[in-house]
Amino acid sequence: MLSPERLALPDYEYLAQRHVLTYMEDAVCQLLENKEDISQYGIARFFTEYFNSVCQGTHILFREFSFIQATPHNRASFLRAFWRCFRTVGKNGDLLTMREYHCLLQLLCPDFPLELTQKAARIVLMDDAMDCLMSFSDFLFAFQIQFYYSEFLESVAAIYQDLLSGKNPNTVIVPTSSSGQHRQRPTLGEASMLEGVEASLFYQCLENLCDRHKYSCPPPALVKEVLSNVQRLTFYGFLVALSKHHGINQALGALPDKGDLMHDPALDEELERLLAQIPGLVNSVTAGPEASCLPARTPPRVGSPWRPLHHARKVDAESDGSTEETDESET
C-alpha cells in the first residue's frame with residue numbers, strides 16, 4: 001500500500017525527494033568499475049544488494065565525503081554508523097580531543113574534512129581551547145547538528161552576522177553552497193559582549209530560510225520553540241540549544257535519545273554471537289570459580305574481515321596521541 005506522502009506527490013517529485021537518481025547513478029558507476037567481479041553473480045543480484053544496503057544504511061561505509069553528504073539519508077546513515085561503531089567510547093566514559101574524534105570519523109570516511117569536526121567541537125567547547133577533552137555524547141549531538149544541517153547553518157551564520165551589524169533582515173543575502181564556504185562564523189568575543197541578537201527578529205529571518213531549505217533544516221516549529229524561550233541569544237548559544245533539543249533529535253531520526261545512547265540491543269546481540277564463535281573465549285567467561293586457579297590464556301587472534309584502509313598511516317600521523325587530561329574537560 002502506498003503511503004499518503006507518495007500519493008500526494010507526482011512521480012518525478014517523489015523520485016527527486018528520495019534522491020533515487022543519485023543512487024541509480026552511483027550504482028551504475030560501481031557496476032562499471034567492478035563489472036568483471038559482478039558478472040560472476042549477475043547484475044540483478046548486484047542491484048538488489050546495492051539497494052538493500054541503501055535501505056539498511058550501510059552503503060556509506062568507507063565512501064568518499066562527497067557521497068556521504070550527497071543526500072539527507074546518507075547523512076543520517078553516517079551519523080548512525082558513527083554512533084554504533086564508537087558508542088563504546090561513551091560507554092567506557094572516555095574523553096577525547098577534537099583531533100581524536102576526527103580520526104574516528106576518518107576511519108569511516110577517509111577524506112572527512114577537518115573543518116566540519118572543528119565546527120562541531122566549537123559547539124561543545126564554546127570559548128575553551130580546541131584541545132580540551134569532550135564526552136562522546138556531547139560531541140555526537142553537536143556533530144549531528146553541524147553535519148546534517150551544514151548548509152543551513154552557513155546561512156544562519158550569515159544572517160546572524162548581518163543582524164549584528166545592524167542590516168535590515170529583509171535584505172539579507174543568503175550565501176550559496178560555494179560562497180558559504182568562505183564566510184567566517186561570528187567571533188565569540190564580540191558576540192558575547194553584545195549578548196547576541198534579539199531572538200524574535202532572528203526567528204523572522206530564519207522562518208523564510210527554513211522555507212527555502214526544505215530538506216536540510218530543523219522543523220520551523222521547533223526552531224520557534226528554541227527561540228521563544230529567550231529574549232536574546234548568540235550564534236553558538238543557538239547551536240547548543242539545537243544540539244540539546246529532544247524534538248529536533250527525534251525529527252532527524254538518526255540517533256536515539258541521550259538516555260538510550262549507550263544501548264543498542266540488536267548490535268549487542270550480534271557481538272555476543274560473534275564472540276561465542278571465538279575458540280576459548282566462551283570457556284574462559286563461563287568457567288566456574290575453580291578456573292581462577294588456572295594460568296591465564298591469551299585467546300587466539302582473529303583476522304579482521306576488512307582489508308586495511310589505505311589511510312591508516314595518515315590517521316596515525318594526524319593524531320596527537322595525547323593522553324593528558326585537564327580540568328577543562330567538563331563541558
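**Exercise 1. A salt bridge between two helices**

Task: In this predicted model, the side chains of Glu154 and Lys119 meet in a salt bridge, with 2.4 Å from N to O. Determine which helices the pair links, and whether each partner is buried or exposed.

Solution.
Step 1. Glu154 belongs to helix α11, and Lys119 belongs to helix α9, which spans residues 114-125. The two residues are 35 positions apart, and the pair links distant parts of the chain.
Step 2. A residue is called buried when its relative accessible area is under 20%. Glu154 has a relative accessibility of 14% and therefore counts as buried.
Step 3. Lys119 also has a relative accessible area of 14%, so Lys119 is buried.

**Exercise 2. A salt-bridge network**

Task: The structure holds eight salt bridges. Describe the one formed by Arg63 and Asp26, and state which residues make up the network to which they belong.

Solution.
Step 1. The closest N and O atoms of Arg63 and Asp26 are 2.7 Å apart.
Step 2. Arg63 sits in the loop between α5 (43-56) and α6 (65-68), while Asp26 sits in helix α3. With these positions 37 residues apart, the pair links distant parts of the chain.
Step 3. Both Arg63 and Asp26 are buried.
Step 4. The network of salt bridges joins Asp26, Arg63 and Glu64.
Step 5. For another of the salt bridges, consider Lys167 and Asp162, whose closest N and O atoms are 3.7 Å apart. Asp162 has a relative accessible area of 9% and is therefore buried.

**Exercise 3. A backbone angle in the α5-α6 loop**

Task: State what is notable about phi of Phe62, and classify the residue by accessibility.

Solution.
Step 1. Most residues other than glycine have a negative phi.
Step 2. Phe62 has a phi near 65 degrees, a positive value in a residue that is not glycine.
Step 3. Phe62 lies in the loop between α5 and α6, the loop that also holds Arg63.
Step 4. The relative accessibility of Phe62 is 32%, so this residue counts as partly exposed.

**Exercise 4. Packing of α11 against α15**

Task: Describe how helix α11 (residues 150-164) and helix α15 (residues 235-244) pack, and list the residues that meet.

Solution.
Step 1. Two packed helices are described by the angle between their axes and the distance between the axes.
Step 2. For α11 and α15, the angle is about 145 degrees and the axes are 10 Å apart.
Step 3. The crossing of these two helices is right-handed.
Step 4. From α11, the contacting residues are Leu153, Val156, Ala157 and Tyr160. From α15, they are Phe235, Phe238, Leu239 and Leu242.

**Exercise 5. Glu195, a loop residue**

Task: Locate Glu195, decide whether it is buried or exposed, and name its contacts beyond four places in sequence.

Solution.
Step 1. Glu195 is placed in the loop between α12 (188-193) and β3 (197-198).
Step 2. Its relative accessible area is 54%, so Glu195 is exposed.
Step 3. Leaving aside neighbours within four places, Glu195 contacts Arg232, Leu233 and Thr234.
Step 4. Phe235 is 40 residues from Glu195 along the chain, and their C-alpha atoms are separated by 9.9 Å. Phe235 is one of the α15 residues that meet α11.

**Exercise 6. Covered and uncovered helix residues**

Task: Examine helix α8 (residues 98-108), Asn249 and Leu32 for burial or exposure.

Solution.
Step 1. Helix α8 is mostly covered, since nine of its eleven residues are buried. Among them are Glu100, His102 and Gln106, together with Tyr101, Cys103 and Leu104.
Step 2. Asn249 is part of helix α16 (residues 246-252). Its relative accessibility is 5%, so Asn249 counts as buried.
Step 3. Not counting residues up to four places away in sequence, Asn249 touches Phe141, Gln144, Leu255, Pro256 and Asp257.
Step 4. Leu32 is found in helix α3 (residues 20-33). With 56% relative accessibility, Leu32 counts as exposed because the cut-off is over 50%.
Step 5. Leu32 joins Leu21, Met24 and Val28 in a nonpolar surface patch of about 370 Å².

**Exercise 7. The chain as a whole**

Task: Give the helix and strand counts, the share of buried residues and the accessible surface.

Solution.
Step 1. The chain contains 19 helices and four strands.
Step 2. Of its 331 residues, 40% are buried.
Step 3. The accessible surface comes to about 19,600 Å², and 54% of that belongs to carbon and sulfur atoms.
Step 4. Among contacts with a separation of 6 or more, 69% involve residues 24 or more positions apart.

Methods
Residues numbered from 1 in each chain as written. Predicted model: local features only at pLDDT ≥ 70, side-chain atom pairs only at ≥ 80, totals over all residues. Heavy atoms only, no water. Patch = residues over 30% accessible without salt bridge, like charges linked within 9 Å, V, L, I, M, F, W, Y side chains within 5 Å. Areas by Shrake-Rupley, 256 points an atom, 1.4 Å probe, with all protein chains shown as cover. Salt bridge = Lys/Arg side-chain N within 4 Å of Asp/Glu carboxyl O. Buried < 20%, exposed > 50% of the residue type's maximum accessible area, 1.4 Å probe, protein only. Axes fitted to C-alpha atoms, helices over the stretch in contact; angles between N-to-C directions. Left-handed = near helix turned anticlockwise from the far one by under 90°. Contact = heavy atoms within 4.5 Å.
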